[in-house]
Amino acid sequence: MDFELGEDQILMRDAAREFAEKKLMPIGEKMDEDEAIPPEIFKELSELGYCGMLVPEKYGGLDLDLLSVTCVLEEMARGSAGLELGLSVHNNLCCAAVLDYGSEHLKDKYLERMASGELYGAYCLSEPESGTDAGSLSCFAEEKVDKFVLNGTKSWVTSAGVAGVFIVFARTDKDAGSKGISCFIVEKDTPGLKLGAKERLLGIKPSDTRDVIFKDCEIPKENLIGEKNKGFKIALSLLNAGRIGAAAQGLGIAQAAYEEAYKYAQEREQFDQPIANFQIIQFKLVDMAMKIEAARLMTYSAAWNREKYGEKAAKKCSMAKLFASETANWVANQALQIHGGYGYVKEYPVERYFRDARVTEIGEGTSDAQRMVIYRSLGKK
Ligand SMILES: Cc1cc2nc3c(=O)[nH]c(=O)nc-3n(C[C@H](O)[C@H](O)[C@H](O)COP(=O)(O)OP(=O)(O)OC[C@H]3O[C@@H](n4cnc5c(N)ncnc54)[C@H](O)[C@@H]3O)c2cc1C
């Protein structure tokens, strides 16, 4: 068993770390206040290939393995958790949907433009009335001779306001439950597609989250991804990779919060000495570092297993997501505590990390949902 990252993985990780430190961390507070990612950051991300990490070179992508992508996402989340979420959704869910399940026609039509960043992707599964119970979704795609006509509302769509394409799950059989759902790719300018107002989020504020509303929205038949009525399996399969992206997000937030707390503990003096001299602070820092290390091992292992064993790695993906997101919240809370009152104001970034961490236990399936998935797989070989 080898715990060493490969040379290429280290190169990708270090390049992403440099990008996060030079380009994202200095504007973390501004992005949080503006609730937006500056367009020039999107441009740079695209130019550096981060929009096509899983996409083969023939479509202009970097053709990376999932572990490399995970290392990149972790570093991006350390720089900006809001930006990382969109990047993870774009790569691990949207590009992967076309790549793994799309027809050759759809691959030729979309992958190059997605990998170049021209078409940023958003993933539309959740609805106002169906979240954890995603198989009960009601958005309906009526089949006509040469098209599907889409009606319904998708909620909580990450990157909705900046996306060029939407991966949409809609019902194509009203009586077949989760076996009556299909997957489509829908372009932003399709008549009948409207965006809701931008959500005012607690954390990850640079992320543009909205409803996406379809009203008699006509989609060419060729935009069906995979087979009709087999879309829910696609949704679940993609979510495994999405959960690794969510785990990487938790890891990045936890790492950033830990680093701030460590630094602050050396600088802040009480009782005529740095608070880092107090054993209780030392032990908090030790537990933070240890949990992060465990979360990282689980996340990297899940990525490696998902790459090698596909769906069979579902349990590991859920475990990594659950552990890393709970670690992010725990570590961010400790980091804030180590800052005392200064952790409760915007002067230090831990206040932002604390808010950013919260979503990691909700998006891509709540912690309860992960426990449900994991429980179902216990006892199976
Ligand atoms: C910032 C943000 C971005 C998001 N981005 C996207 C996106 O890009 N695309 C997308 O499709 N969705 C997205 N989501 C939606 C997210 O996936 C859902 O919020 C999540 O799946 C939970 O669904 P819900 O909010 O409807 O909660 P509900 O399903 O209503 O759950 C409410 C509570 O009940 C619990 N619960 C539900 N069922 C059970 C059960 N059987 N047993 C025990 N407890 C249960 C849940 O854990 C939760 O605590 C995003 C959400 C947020 C907040």
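**Close-up views of a predicted model**

**Figure 1. The largest cavity has a volume of about 90 Å³.** Its lining consists of 15 residues. Those closest to the centre are Gly 79, Ser 80, Ala 81, Arg 352 and Asp 356. Four helices, α2, α4, α5 (81-101) and α10 (350-358), each supply at least two lining residues. By class, the lining has six nonpolar, four polar and five charged residues. A search of the whole structure, which is a predicted model, finds one cavity of 30 Å³ or more.

**Figure 2. The second largest pocket holds about 500 Å³ of space.** Here, too, the view shows the lining residues. There are 15 of them, and Asp 2, Phe 3, Glu 4, Leu 297 and Tyr 300 are the closest to the centre of the pocket. Two elements, α1 (7-24) and α8 (279-309), give two or more residues to this lining. The largest share comes from α8, with seven residues. Sorted by class, the pocket lining has eight nonpolar, three polar and four charged residues. Domain 1 (7-115) and domain 3 (239-377) each contribute at least three residues to the lining of this pocket.

**Figure 3. Domain 1 and domain 2 have C-alpha centres 22 Å apart.** The contact between these domains takes 24 residues from domain 1 and 21 residues from domain 2. The domain assignment of the protein gives domain 1 (7-115), domain 2 (121-231) and domain 3 (239-377).

**Figure 4. Glu 35 and Arg 200 meet through their side chains in a salt bridge.** The N to O distance is 3.0 Å. This pair links distant parts of the chain, with the two positions 165 residues apart in sequence numbering. Glu 35 sits in the loop between α2 (28-34) and α3 (39-47). Arg 200 sits in the loop between β6 (193-195) and β7 (209-220). The partners differ in burial: Glu 35 is buried, at 11% relative accessibility, whereas Arg 200 is exposed, at 66%. Side chains of opposite charge can pair when their charged atoms come close. The structure holds 30 salt bridges.

**Figure 5. Arg 78 and Glu 75 form a salt bridge within helix α4 (residues 66-79).** Their side chains meet at 3.7 Å, N to O. Arg 78 and Glu 75 are separated by about one helical turn, because they stand three residues apart in α4. Are these two residues buried or exposed? Arg 78 has 9% relative accessibility and counts as buried. Glu 75 has 3% and also counts as buried, because buried means under 20%. Both residues belong to a network of salt bridges that also links Arg 17, Glu 21 and Glu 259.

**Figure 6. Lys 230 and Glu 227 pair in a salt bridge.** The side chains meet at 3.3 Å, N to O. Lys 230 is partly exposed, with a relative accessibility of 41%. Glu 227 is exposed, at 53%. The cut-off matters in this view: Glu 227 counts as exposed because its value is over 50%.

**Figure 7. Ala 115 lies in helix α6 (residues 104-115).** This residue is buried, with 3% relative accessibility. Which residues does Ala 115 touch, not counting those up to four places away in sequence? They are Cys 51, Gly 52, Val 55, Tyr 59, Gly 60 and Gly 61. Leu 54 is another point of reference. Ala 115 and Leu 54 are 61 residues apart in sequence, and their C-alpha atoms are 8.7 Å apart in space.

**Figure 8. Ser 237 lies in helix α7 (residues 231-267).** Its relative accessible area is 6%, so Ser 237 is buried. Leaving out residues up to four places away in sequence, Ser 237 touches Tyr 101, Arg 306 and Glu 311.

Key
Residues are numbered from 1 along each chain as its sequence is written. This is a predicted model: local features need pLDDT of at least 70, side-chain atom pairs count only at pLDDT 80 or more; totals for chains, interfaces and linings use all residues. Side-chain values use heavy atoms; hydrogens and water are left out. A salt bridge is a side-chain nitrogen of Lys or Arg within 4 Å of a carboxyl oxygen of Asp or Glu. Buried means under 20% relative accessible area, exposed over 50%, partly exposed in between (1.4 Å probe, protein chains only). On a 1 Å grid over the protein atoms alone, a cavity is a set of points where a 1.4 Å probe fits but cannot get out, and a pocket is an open set with protein on both sides within 12 Å along at least five of seven lines; lining residues have an atom within 4 Å of a point. Grid points are joined across faces, edges and corners, and a volume is the space filled by probe spheres set on the points. Ala, Val, Leu, Ile, Met, Phe, Trp, Tyr, Cys and Pro count as nonpolar, Asp, Glu, Lys and Arg as charged, and the others, Gly among them, as polar. Domain bounds come from an automatic or database domain assignment. Contact means heavy atoms within 4.5 Å.
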